[in-house]
Amino acid sequence: MKLILLGAPGVGKGTQAQFVIEKYAIPQISTGDMLRESIKTGSALGKKVKEVMESGALVTDEIILDLVNARVRQPDCKKGFLFDGFPRTIPQAEALLKESIHVDHVIEIILQEDDIVARLAGRRVHVASGRIYHNLYNPPKVTDIDDVTGEPLIQRDDDKEGTIRVRMQVYRKQTEPLVSFYKAMSDSVQYSLKYTSVDGVGTAEEIRDRIFAALSD
Ligand code: AP5
């Protein structure tokens, strides 16, 4: 199983990725998580990336493609993988084709902007594990504390309302064209790719079941 979870910031890609990777026993390749890891190392790359991410803009295709190309060649990706937050531009999608990295499914999650802002503004994250909470919709047992480790949760720097709006604009301009790109591929006899749009309104479990239904069709 090789798939892409596509959708605007905050539609629930990371939340749904957890269900899919568990069911299909494949790794999650989240370029956002990989970039946040590089920031933690304090490397020159990390410093460059931090500024870009905090502004809500996209990191260059070159940096992203270097990270992804190295990651998909790891042995755990042999039987499949889930791309979360990648590709995000047409050149990134074209680079995958050029490298002969093909996916079976593209699942697009759709949600209105006001719901997205509410979800991101309340998001809290346990950095070490990637566990995602929401202070209203999926609260931890103790406020701002991870249920499993007891460690503190953080609010991402790019989850401030002003930055969220910038990220939405960037999504519309640079990432949304991928919807037509992949729909055209799924209509073409040249590729065996299936495209499904999933309504992102509902509980995480309801959305999970819509995705599982699409994947098992
Ligand atoms: P990235 O980390 O990829 O962030 P994103 O795509 O903006 O997506 P998010 O992680 O914000 O949201 P999500 O859809 O995963 O939602 P989640 O499940 O957490 O990218 C960050 C930055 O890195 C970019 O801005 C860019 O700078 C850079 N970058 C990354 N990849 C790049 C690339 N390929 N090219 C260039 N630059 C790149 O859910 C959100 C909240 O909602 C949570 O609190 C959750 O608990 C809650 N929630 C989830 N589902 C539900 C539900 N059904 N009901 C109620 N609440 C829910």
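This passage walks through a predicted model of the protein, from the overall fold down to a handful of residues.

Starting with the big picture, the chain is built from 9 helices and 7 strands. Its radius of gyration comes out at 17 Å, close to the 17 Å that the globule rule gives for 217 residues, so the protein is as compact as a globular protein of that length. Laid along the principal axes, the C-alpha atoms take up a box of roughly 50 × 40 × 35 Å. As for burial, 44% of the 217 residues count as buried. The contacts tell a story about sequence distance: taking those between residues at least 6 apart in sequence, 68% join residues at least 24 apart.

Turning to the surface, the protein exposes about 11,200 Å², and carbon and sulfur atoms supply 52% of that area. On the charge side, there are 29 positive and 32 negative side chains. The centres of these two sets lie 3 Å apart.

Next come the aromatics. A pair of aromatic rings is described by the distance of the centres and the angle of the planes. The count for this protein is 3 aromatic pairs. One of them joins Phe83 and Phe86, with 4.9 Å from centre to centre and 70° between the planes, which is an edge-to-face arrangement. Both partners are tucked away: Phe83 is buried at a relative accessible area of 0%, and Phe86 counts as buried at 1%. With ring centres 5.1 Å apart and planes at 85°, Phe181 and Tyr182 also make a pair, and that angle is over the 60 degrees needed, so this one is edge-to-face. Phe181 and Tyr182 are both buried too. Phe83 and Phe86 also belong to a wider group, since together with Phe81 they form one aromatic cluster.

Phe86 turns up again in the backbone. The peptide bond running from Phe86 to Pro87 is cis, with omega near -10°. Pro87 itself sits in the loop between strand E3 (81-84) and helix H5 (90-98).

Another loop worth a look is the one linking helix H3 (44-55) and helix H4 (61-72), which holds Val59. What is the relative accessible area of Val59? The value is 10%, and because buried means under 20%, Val59 counts as buried despite its place in a loop. Setting aside neighbours within four places in sequence, Val59 is in contact with Leu35, Val49, Val52, Met53 and Ile64. Of these partners, Val49, Val52 and Met53 fall within the numbering of helix H3 (44-55), and Ile64 within that of helix H4 (61-72). Val59 and Lys48 are 11 residues apart along the chain, and their C-alpha atoms are separated by 9.0 Å.

Finally, two residues other than glycine have positive phi values. For Ala25, phi is near 50°. Ala25 is located in the loop that runs between helix H1 (13-24) and strand E2 (28-30), and at 46% relative accessibility it counts as partly exposed. For Asp144, phi is near 60°. Asp144 belongs to the loop between strand E6 (131-134) and helix H7 (161-175). With a relative accessibility of 33%, Asp144 is partly exposed as well.

Definitions and conventions
Residues numbered from 1 in each chain as written. Predicted model: local features only at pLDDT ≥ 70, side-chain atom pairs only at ≥ 80, totals over all residues. Heavy atoms only, no water. Helix = DSSP H or I, 4+ residues; strand = E, 2+ residues; numbered from the N terminus. Rg over C-alpha atoms; globule rule 2.2 N^0.38 Å. Buried < 20%, exposed > 50% of the residue type's maximum accessible area, 1.4 Å probe, protein only. Contact = heavy atoms within 4.5 Å. Areas by Shrake-Rupley, 256 points an atom, 1.4 Å probe, with all protein chains shown as cover. Lys, Arg positive; Asp, Glu negative; His and termini not counted. Charge placed at Lys NZ, Arg CZ, Asp CG, Glu CD. Phe/Tyr/Trp six-rings, centres within 6.5 Å; stacked < 30°, edge-to-face > 60°.
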